[in-house]
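Here are some exercises to work through with the model open beside you. Try each task on your own before you read its solution.

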Amino acid sequence: MVESTQCGYVAIVGRPNVGKSTLLNHLIGQKLSITSRKPQTTRHNFLGIKTENNTQMIFVDTPGIHLGQNKAINRYMNKAATTAFKDVDLIVFVVDRLAWTAEDEWVVKQLKNSSSPVIIAVNKIDQLESKDALLPHLEFLTQELNPDHVVPISALRNNNLERLESLVAQYMPEGQFLFPEDQITDRSSRFIAAEIVREKITRQLGDELPYQMTVEIEEFSYEGALLTISALILVERNGQKRILIGEKGEKIKQIGQQARMDLESLFDTKVMLNLWVKIKSGWSDDERALRSLGYND
Ligand code: GDP
Ligand code: MG
Ligand code: K
């Protein structure tokens, strides 16, 4: 007898910093998508796959949109964000429990043109002092979008995520699994390794080093149980290189240590991590360079 299975795509949308990547990581139970306080952390669309019983949910994390900036990298990121609204079985629209911005409005506009069902996830309720403060825009949102469900959650503290997940599962259409049951992402180990290094740099340097920085994995090889990863960090200017390396190499050392800890727990093995910093001028505003770095998908 063939058991029936369900399988579908779920787009996680919302403005930068509402907690989309955090939500994805906690739903999957693994650190797949990097998160930070900085709004431009997620650059690519990214799949997180969860198979539970007879249901496979394929989540699409999106970079979020960036209004009012016209650099090439922003155009690519916005394109990746709008593509996510199409061809999905369900949209989870993540909003902040309090703040409401023009970027939220932009997402609402996109959603009104989409025919997919919508669940609104009101995130960061752990920061809520009283129930009365819960997003004054909820009523407006409900009227505008007529969502199928509104679910308050805390992605960070794992609050109410089971409820969200069981709702999501109900929207998955009947069909064969598209990925093996134990696969949790479409991205390669190399890609995730580069993302983890990038996350540590973003966290260590904050505003000092903007998004004109990229990480390429030059080596990813096992020798017995030792995984050697060599990563090239590309920055735009000499000043940025100096900041990244820090006094007597202190900064880059800290970045390397933190990244290595995450990599060891992710790959469950000893990791030797080599970091190199190189200057590559002007790439973030050069479409051709962006293409060669893989931002054209
Ligand atoms: P994204 O840009 O929408 O992908 O947002 P991120 O997942 O990168 O999260 C942005 C920031 O919000 C990070 O500092 C997260 O730790 C934080 N964050 C995400 N979810 C929650 C939550 O439920 N509660 C709190 N207090 N912070 C959260
Ligand atoms: Mg993100
Ligand atoms: K972010």
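Two strands pair if DSSP finds at least two bridges between them. Helices (H or I, at least four residues) and strands (E, at least two) are DSSP runs, numbered from the N terminus. This is a predicted model, in which local features need pLDDT of at least 70 and side-chain atom pairs count only at pLDDT 80 or more, while totals for chains, interfaces and linings use all residues. Residues are numbered from 1 along each chain as its sequence is written, with chains lettered from A and ligands numbered from 1 in the order in which they are written.

**Exercise 1. Describe the sheet of six strands and what packs on it.**

Step 1. Start with the order: this open sheet reads S2-S3-S1-S4-S5-S6, and its pairing is mixed.

Step 2. Now look at the edges. S2 and S6 (149–152) each have a single partner strand, so one side of each is left without a neighbour in the sheet.

Step 3. Check one pair: S5 and S6 run parallel and are joined by four bridges. Ile120 has Val150 in S6 as its bridge partner.

Step 4. Add the helix. H3 (residues 102–112) packs on the sheet and touches S1, S4 and S5, its direction making about 160 degrees with that of S4. Angles run from 0 to 180 degrees between N-to-C directions, and axes are lines fitted to C-alpha atoms, for helices over the stretch in contact.

**Exercise 2. Is helix H1 mostly covered or mostly uncovered, and what covers its buried residues?**

Step 1. Fix the criterion: a residue is buried if 20 or more other C-beta atoms lie within 10 Å of its own, exposed if 12 or fewer, and partly exposed in between, with C-beta atoms placed from the backbone.

Step 2. Apply it. H1 (residues 20–28) is mostly covered, with eight of its nine residues buried; among them are Lys20, Leu23, Leu24 and Leu27. For the protein chain of 297 residues, 35% count as buried.

Step 3. Find the cover: it includes strands S1 (6–13), S2 (46–52), S3 (55–61), S4 (90–96) and S5 (118–123), along with helix H5 (161–170).

Step 4. See what follows H1: Gly29, with a positive phi near 80 degrees.

**Exercise 3. Work out the sheet of three strands.**

Step 1. The order is S7-S8-S9, again an open sheet with mixed pairing. S7 (213–223) and S9 (270–279) are the edge strands, each pairing on one side only.

Step 2. S7 pairs with S8 (residues 226–235) in the antiparallel sense over ten bridges. Val215 has Ile233 in S8 as its bridge partner.

Step 3. Two helices remain to be placed. H6 packs on the sheet, touching S7, S8 and S9, at about 130 degrees to the direction of S7. H7 (residues 238–245) also packs there, touching S8 and S9, and makes about 155 degrees with the direction of S9.

**Exercise 4. At what angle do H6 and H8 pack, and how far apart are their axes?**

Step 1. H6 (residues 189–205) and H8 (residues 250–267) pack at about 140 degrees, with axes 9 Å apart.

Step 2. That makes H6 oblique to H8. Angles under 35 degrees count as roughly parallel, over 145 as roughly antiparallel, 65 to 115 as roughly perpendicular and the rest as oblique.

Step 3. List the contact, where two residues are in contact if their C-beta atoms, placed from the backbone, lie within 7 Å. It includes Ile192, Ile196 and Lys200 of H6, and Ile255, Asp262 and Leu266 of H8.
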